[in-house]
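Trainee: I have a new model open and would like to work through how its parts fit together. Could we take it one question at a time?

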There are 2 protein chains.
Amino acid sequence: MHILILGGDGYLGWPTAMHLTAKGHHVAVVDNYLRRRLCREENVEPLFDVPNLHERVGLWESVSGYKIPVFIGDLADWEFVKEVFQTFTPEAIVHYAEQPSAPYSMLNRRAAMLSLQNNLTVTANVIFAVREFSPDAHIVKLGTMGEYGTPNIDIEEGWLEVEHNGRRHKFLYPRQASSLYHTTKIMDTDLLWFYVRTWDIRVTDLMQGPVYGLFTDETADDERLFPFFNYDEIFGTVLNRFVVQSVAGYPLTVYGKGGQTRGYLNIKDTLNCVRLSLEQPAKAGELRIFNQFVETFTVNELAELVQRVGNQLGLNVQIRSVENPRKEAEDHYYNPAHTGLLELGLKPHFLTDEILAQMLETVLRHKANIQEHKIYRKVKWS
Amino acid sequence: MHILILGGDGYLGWPTAMHLTAKGHHVAVVDNYLRRRLCREENVEPLFDVPNLHERVGLWESVSGYKIPVFIGDLADWEFVKEVFQTFTPEAIVHYAEQPSAPYSMLNRRAAMLSLQNNLTVTANVIFAVREFSPDAHIVKLGTMGEYGTPNIDIEEGWLEVEHNGRRHKFLYPRQASSLYHTTKIMDTDLLWFYVRTWDIRVTDLMQGPVYGLFTDETADDERLFPFFNYDEIFGTVLNRFVVQSVAGYPLTVYGKGGQTRGYLNIKDTLNCVRLSLEQPAKAGELRIFNQFVETFTVNELAELVQRVGNQLGLNVQIRSVENPRKEAEDHYYNPAHTGLLELGLKPHFLTDEILAQMLETVLRHKANIQEHKIYRKVKWS
């Protein structure tokens, strides 16, 4: 299948590109290095340097034999979008090309506006490009479990059948997020759902939980092929950050009560979820929604797990509760469905002591790179 | 009260400005003439010319004695927004500053992108400006009943208490609109609701149905003070359009089966709804939502009403069903609540034969201005 990966330089984009070529697909990657620029501007570069996208593609070709065309440019620019879609006619598009950080979106007005305008404009351009150049192509869009927030009822997989005054209607599951970034993802869903109904495009929306890990089958031990590994509070996901904090001897920072529960997954599962969705596409006129995670943890549970495994490796891991800089429930009901991807064939990788130990050991080798002042940036919601 | 009217040149903005000054408020108006530009570009100018905003303000001052400062500029430009909020510190903001047409938003890619970017950027800038310069100011935002679409259950006033698997949660009423324009309004709601929860701003969201009419207490018989009166399929609301079609001897164009039901209101009621909301503001941290209409009609009912009253005036009014260019239900359940504004004190103006006859007679005086080719533009949804 010809697959275009938008945001192909990112934490998930690059591993996805390697994975899909290894599984026999023809892949092209598109990126404007926005994530790299924002990390540099905010002084929160990843744990180790990764080569630019042209270099990574060259390395991957020398290791695997697979070629991946690269398009460098801004998908908010229609002229560029047109060039990409006319040069590489995709049968499917994986859309990761968004500003991906909740704290970044809450930094200040300019960061908020960048998140809003970038994410919405790119999603709209992708829809218009599919309509104009590849009307039958399948869009696989990365959404987030954060779109649902933490309602007091079970979270279903995308839709909710409501009974009210004796009548029934099936709605898009009502969404209510706790950051501007997550709110832009709700808006993406609004936009995609409108054009699915109006133009019969085919879309899979993957409502993903926080991802952890840096190994995939394709990176093997070659660290030059690793994805970005951010350990700061802005771009680092919580488990990755806790692993680095453990190694640095920096107490694990739990926000408030630590009862915040989320659905997590290993980066290997992200790649499989995306591939399974591509290989069994949504129908024309279908918005197919999957909740993409494999197990839930509270922040306290994650912190205790990292502490236990870290201490077994001889680290001295402390946990410290800090005042919550976010506005969110710290103790709440959380029962989200997640059967769709299992039915497509997903074989989950759960968070074992071994996997955590492997992450800790890898980060220990890079301990000298850790800059403590990058970890905790106190981005406040209000 | 110091009230800033964004989109103060528009069909509703200008009459609102006159009305609020007549009721003793201090008003400033802001506009970039976007609506005028789009009408000219699409060759669908209104039935009669209206003076520019500086001229209108001068006329109103000569008639009433009230002064209204004018700011001409683009509210998508932060420097301009800042200047406006620093010059005229508002206690309330009426936000009409959006691309207001569903068919325009479906014209082509550029029109869609303009609608999306303009509406979202302006709403975000208004939120940021309130946060930075007038944190206690009340935002009165014009939403639309179209955000709800036509679900098969009763439409409540903004919110829906859902019972599911034995647990309960109160959600923002799930929204599903039938044009990109209406979808941008859903996104506005997402954005406002997020910042209401996060920053405790105060917002009233008025979910308005289609408005008709051109007389308000302040225009009296002075036609130079009338609002825009569009009669084309792009910017003209349905009843205004039917009135002009009757006068022109152009059959009333009913889309498909004509069972599309909506909640309508007289422009006088819009002004009162906005004023009542301003004078009894939302609390800090409250998103208050009202469904703003006074009675429902199907398109067939409206066409038959206009036909009957038109024929009484000696016109020969025909009705013609045309293939529906939109993608919408033509026959559906529709039972929306609308008690909130009545509780605030609204005294509705219902659509009587007399009101319709007055509209027909006014348009008859301008019959020579009607350009038939402007009426029906066949903007197709797909």
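Mentor: Gladly, and let's begin with a term: two strands pair if DSSP finds at least two bridges between them. Keep in mind too that this is a predicted model.

Trainee: Thanks! Then how many bridges join S6(B) to S7(B), and do they run parallel or antiparallel?

Mentor: Pairing calls for at least two bridges, and these strands meet that with 6 bridges. One facing pair is Leu160(B) with Phe171(B) of S7(B). As for direction, S6(B) and S7(B) are joined by 6 bridges and run antiparallel.

Trainee: Which residue in the turn of that hairpin has a positive phi?

Mentor: The hairpin of S6(B) and S7(B) leaves 2 residues between the strands. In that turn, a positive phi of about 50 degrees belongs to Asn165(B).

Trainee: Let's move to the sheets. In the open sheet of 7 strands in chain B, which are the edge strands?

Mentor: Follow the order, S3-S2-S1-S4-S5-S8-S12, with parallel pairing. An edge strand here pairs on one side only, and that describes strand S3 (70–72) and strand S12 (287–292) of chain B. From one strand to the next the twist averages 20 degrees. So the names you want, with pairing on one side only, are S3(B) and S12(B).

Trainee: Inside that sheet, which residue of S4(B) is the bridge partner of Ile3(B)?

Mentor: Strand S1 (residues 2–6) and strand S4 (residues 92–95) of chain B are paired in the parallel sense over 4 bridges. Within S4(B), the residue bridged to Ile3(B) is Ala92(B).

Trainee: Which strands does H6(B) touch as it packs on the sheet?

Mentor: H6(B) has a direction that makes about 180 degrees with that of S4(B). For comparison, H7(B) lies across S5, strand S8 (202–208) and S12 of chain B, at about 150 degrees to S5(B). The strands that H6(B) touches are S1, S4 and strand S5 (138–144) of chain B.

Trainee: There is also a sheet of 3 strands in chain B. Why is one side of each edge strand left without a neighbour?

Mentor: The order is S9-S11-S13 in an open sheet with mixed pairing. Strand S9 (211–212) and strand S13 (295–298) of chain B stand at the edges, so one side of each has no neighbour, and the reason is a single partner strand.

Trainee: And which residue in S11(B) stands opposite Val211(B)?

Mentor: S9(B) runs parallel to strand S11 (residues 261–266) of chain B, and 2 bridges join them. Opposite Val211(B) in S11(B) stands Leu265(B).

Trainee: On to helix pairs. Are H6(A) and H7(A) roughly parallel or roughly antiparallel to each other?

Mentor: The axes of helix H6 (residues 109–133) and helix H7 (residues 180–199) of chain A come within 10 Å, crossing at roughly 20 degrees. Angles under 35 degrees count as roughly parallel. The crossing is right-handed. H6(A) and H7(A) are therefore roughly parallel.

Trainee: How many nonpolar, polar and charged residues are in the contact of H8(B) with H12(B)?

Mentor: Helix H8 (residues 238–248) and helix H12 (residues 353–365) of chain B have axes 9 Å apart and pack at an angle of about 55 degrees, which makes H8(B) oblique to H12(B). Val243(B), Val244(B), Ser246(B) and Val247(B) of H8(B) meet Met359(B), Leu360(B), Val363(B) and Leu364(B) of H12(B). By class, that contact has 7 nonpolar, 1 polar and no charged residues.

Trainee: Last topic, the two chains. Which element gives the largest share of the side of chain B that touches chain A?

Mentor: The contact draws 36 residues from chain B and 36 residues from chain A. Elements giving two or more residues on the side of chain B are helix H6 (109–133), strand S6 (159–164), strand S7 (167–172) and helix H7 (180–199). With 10 residues, the largest share comes from H7(B).

Trainee: And what relation links chain B to chain A?

Mentor: A turn of 180 degrees and a shift of 0.0 Å along the axis lay chain B on chain A with an RMSD of 0.0 Å. That is the relation of a two-fold axis.

How values were computed:
Residues numbered from 1 in each chain as written. Chains lettered and ligands numbered in written order. Predicted model: local features only at pLDDT ≥ 70, side-chain atom pairs only at ≥ 80, totals over all residues. Contact = placed C-beta atoms within 7 Å. Least-squares fit on C-alpha atoms with pLDDT ≥ 70 in both. Axes fitted to C-alpha atoms, helices over the stretch in contact; angles between N-to-C directions. Parallel < 35°, antiparallel > 145°, perpendicular 65-115°, else oblique. Nonpolar A, V, L, I, M, F, W, Y, C, P; charged D, E, K, R; others polar. Left-handed = near helix turned anticlockwise from the far one by under 90°.
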